[in-house]
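This report looks at a strand and its pairing partners in one chain, and then at a helix packing in another. Please keep the sequence and the structure in view while reading.

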Protein chains: 2
Amino acid sequence: MKKKTTIYDIAKEVGLTAATVSRALNNNPKISEKTRKLVQETAQKMNYEQNTLAKALKSGKSYNVGVIVPRMDSNFFASVIRGIEEELYPKGYHVIVCQTHDQENLETGNINSLLNAQVDGILMSISNAKSKSNVFHNIAQKKVPLIFFDRKKEIPGVSSVTIDDFNGAYQATKHLIEQGCKRIAHLSNNRSLEIFKNRYLGYKQAIIDHGLEFDEDLVIETFSKVSEGRKTVKKLLKMKNPPDAIFSSSDFSALGAIQEIKDQGLSIPEDISVVGFSNEPFTKFMELSITSVDQSPIEMGRIAAKVFLKEVDSKTLNKESEKIVLQPELIIRDSSLKVKSEASA
Amino acid sequence: MKKKTTIYDIAKEVGLTAATVSRALNNNPKISEKTRKLVQETAQKMNYEQNTLAKALKSGKSYNVGVIVPRMDSNFFASVIRGIEEELYPKGYHVIVCQTHDQENLETGNINSLLNAQVDGILMSISNAKSKSNVFHNIAQKKVPLIFFDRKKEIPGVSSVTIDDFNGAYQATKHLIEQGCKRIAHLSNNRSLEIFKNRYLGYKQAIIDHGLEFDEDLVIETFSKVSEGRKTVKKLLKMKNPPDAIFSSSDFSALGAIQEIKDQGLSIPEDISVVGFSNEPFTKFMELSITSVDQSPIEMGRIAAKVFLKEVDSKTLNKESEKIVLQPELIIRDSSLKVKSEASA
DNA sequence: TTGTAGGCGTTATCAT
DNA sequence: ATGATAACGCCTACAA
């Protein structure tokens with residue numbers, strides 16, 4: 001095992017002290033230009049590399065931040081993570097990504113391991129609003145900045161970056177109404193999570209504002225999976241008075257809905273129009289492209305990272321938490337465009 | 001900033017020495033049952049948590065491993081990562097995931113930052129075979145185990161876990177031939193990467209073995225993107241003697257191919273059959289499901305992790321690198337099944 | 001401008 | 001079985 005060079009080795013080499021070497025390496029102002037150069041060149045020659053661990057131990061900072069997401073194989077979360085990376089890498093931080101797979105025990109476990117690994121902050125999208133909030137107290141106690149993105153939870157002093165889900169849902173529903181749909185079903189999801197509650201509320205408000213009848217039976221809780229979308233639509237189509245449109249809180253269940261509708265011999269968007277949520281890439285690539293709501297995930301990630309940077313630097317405990325809300329954008333495509341006056345996306 | 005409790009605090013509390021506390025906490029055999037209990041209970045009471053950084057500094061191990069992939073928003077890589085996590089978390093390791101987006105400079109940068117962060121190992125799928133191999137020498141020098149998965153490079157002493165791409169391609173092509181296809185095109189990709197070279201070779205061998213004519217013009221290098229698949233097919237269909245089947249080295253370009261074929265008014269699989277590679281979830285969900293080659297990514301991840309664990313523990317420098325090759329599985333679906341004798345998947 | 005010395009939290013090696 | 005001490009590599013008062 002070839003030993004790594006340390007500042008002591010350099011010190012010996014140039015006939016100085018480790019302290020001086022340290023200062024020279026860190027561009028400390030009170031060091032002579034001559035020694036600075038000498039030290040830096042020698043360091044280079046000896047292949048010196050700073051021991052991050054030692055520095056972390058000393059400074060109390062690990063320069064690691066943890067990112068917790070339900071899953072990372074969705075374009076949405078992968079893109080948020082990319083945004084975070086873009087912002088944090090240049091500042092010397094590393095990003096440790098953990099997945100919860102929507103399981104509460106994994107969520108708790110991940111948080112604890114991250115804290116234990118001494119991350120300097122945690123950026124997360126929560127899986128379950130009911131998760132024991134004492135885990136979050138743990139985070140707060142350690143003065144580790146916590147930032148929620150997308151799926152948040154209302155905790156005093158914790159910042160968040162989300163999109164205006166209410167408005168996204170409102171726009172989507174309004175669009176369907178403008179296309180002439182009268183009975184719009186909603187594939188909702190676990191409404192203990194704010195995002196799904198707000199999508200539901202936006203949908204409801206649009207229905208009411210446009211003088212349509214709001215029918216609670218048309219709202220069905222559906223997991224964000226293709227198979228679940230199918231299942232729900234099967235139920236909906238059995239109603240005496242089936243819907244003529246579906247606004248889904250997820251692209252995945254929207255896809256399942258589309259498959260089931262087609263299988264039953266109905267056509268889209270003529271018989272039933274469909275709108276999803278998240279603008280996953282496949283919505284664009286389908287033979288029948290799917291109308292969806294874009295959430296600008298990369299920007300969401302970048303902003304969340306910026307909030308973290310701000311909080312981690314402020315020694316002052318001005319726990320003025322920020323609540324940033326981005327505006328979503330409705331992308332209209334085949335699955336909902338009956339009036340083909342304009343080209344579809 | 002509430003100070004964290006250290007073993008010194010515990011020592012003071014119970015009137016012992018830090019060393020003893022450390023031993024008690026680590027279940028060192030030569031410690032009295034009584035003190036062990038006392039210490040452990042006191043530790044609990046004082047909310048003691050081991051400082052991983054200090055331990056890492058002392059032991060020289062960080063209990064972090066780096067995983068580098070071209071991208072993490074593909075089901076394939078996300079699943080490999082999940083497999084790695086499943087194997088490594090129980091052993092106390094953390095997984096730091098980095099993306100290269102197929103850019104060489106990012107790849108090099110990621111490797112260096114990971115090394116700098118003192119990861120105990122690197123598991124990666126390379127982006128570019130031409131990447132300066134001195135980066136890999138860096139890794140070797142530091143005695144950090146390096147394990148390739150899926151996209152590897154032949155480096156002495158480096159283990160790898162891959163699938164038998166040759167055979168996967170061979171089976172896929174053979175299947176197309178059995179369906180009656182005579183002129184099979186191949187959407188290849190950067191063949192400086194072994195996986196793509198082997199898929200090409202398997203394809204070629206199947207053609208030859210079954211007495212068909214091998215036509216180099218039917219092999220076109222195509223990036224793994226939907227838009228690129230479209231572009232390539234456009235070219236292919238302009239030939240005087242266009243193909244009656246397409247074997248793509250990627251599901252994404254296969255999807256683009258399908259879109260273009262349909263747009264030109266041809267039908268699948270009757271006019272042109274299509275087979276992809278990777279068994280991405282969307283291949284199953286399309287209205288016209290896509291035949292593809294499954295690579296058992298989760299298992300690949302688990303095995304790669306196991307190889308790492310073995311290497312990291314073996315102080316002995318028995319650099320007998322392992323080359324593990326998994327067998328792929330052809331999943332036959334609508335896009336290539338002309339003879340509808342059996343139910344499709 | 002540079003050196004000295006101590007500490008970050010742990011563990012390992014000697015003693016006792 | 002337990003204590004004392006040093007060491008991992010770095011940084012930073014404080015001194016000179």
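## Strand β5 of chain A and a helix pair of chain B

In this predicted model, the side chains of A:S159, A:V161 and A:I163 point one way from β5(A), whereas A:S160 and A:T162 point the other way, and all of these residues are buried. Strand β5, which spans residues 159-163 of chain A, is accordingly described as mostly covered, with five of its five residues buried.

The pairing of β5(A) with two other strands is set out below.

| Strand paired with β5(A) | Residues | Sense | Bridges | One residue pair |
|---|---|---|---|---|
| β4(A) | 146-149 | parallel | three | A:F148 with A:S160 |
| β11(A) | 323-326 | parallel | four | A:I324 with A:V161 |

The two residues of β5(A) named in the table lie on opposite sides of the strand, since A:V161 belongs to the group pointing one way and A:S160 to the group pointing the other way.

In chain B, helix α1 (residues 7-14) packs against helix α2 (residues 18-25) at an angle of about 105 degrees, and their axes are 8 Å apart. Because angles of 65 to 115 degrees count as roughly perpendicular, α1(B) and α2(B) are therefore roughly perpendicular to each other. On the side of α1(B), the contact is made by B:I7, B:Y8, B:I10 and B:A11, while α2(B) contributes B:A18, B:V21, B:S22 and B:L25. By class, the residues of this contact of α1(B) with α2(B) divide into seven nonpolar and one polar, with no charged residue among them.

Terms used:
Residues are numbered from 1 along each chain as its sequence is written. Chains are lettered from A and ligands numbered from 1 in the order in which they are written. This is a predicted model: local features need pLDDT of at least 70, side-chain atom pairs count only at pLDDT 80 or more; totals for chains, interfaces and linings use all residues. Side-chain values use heavy atoms; hydrogens and water are left out. Axes are lines fitted to C-alpha atoms, for helices over the stretch in contact, and angles run from 0 to 180 degrees between N-to-C directions. Angles under 35 degrees count as roughly parallel, over 145 as roughly antiparallel, 65 to 115 as roughly perpendicular and the rest as oblique. Contact means heavy atoms within 4.5 Å. Ala, Val, Leu, Ile, Met, Phe, Trp, Tyr, Cys and Pro count as nonpolar, Asp, Glu, Lys and Arg as charged, and the others, Gly among them, as polar. Buried means under 20% relative accessible area, exposed over 50%, partly exposed in between (1.4 Å probe, protein chains only). Two strands pair if DSSP finds at least two bridges between them.
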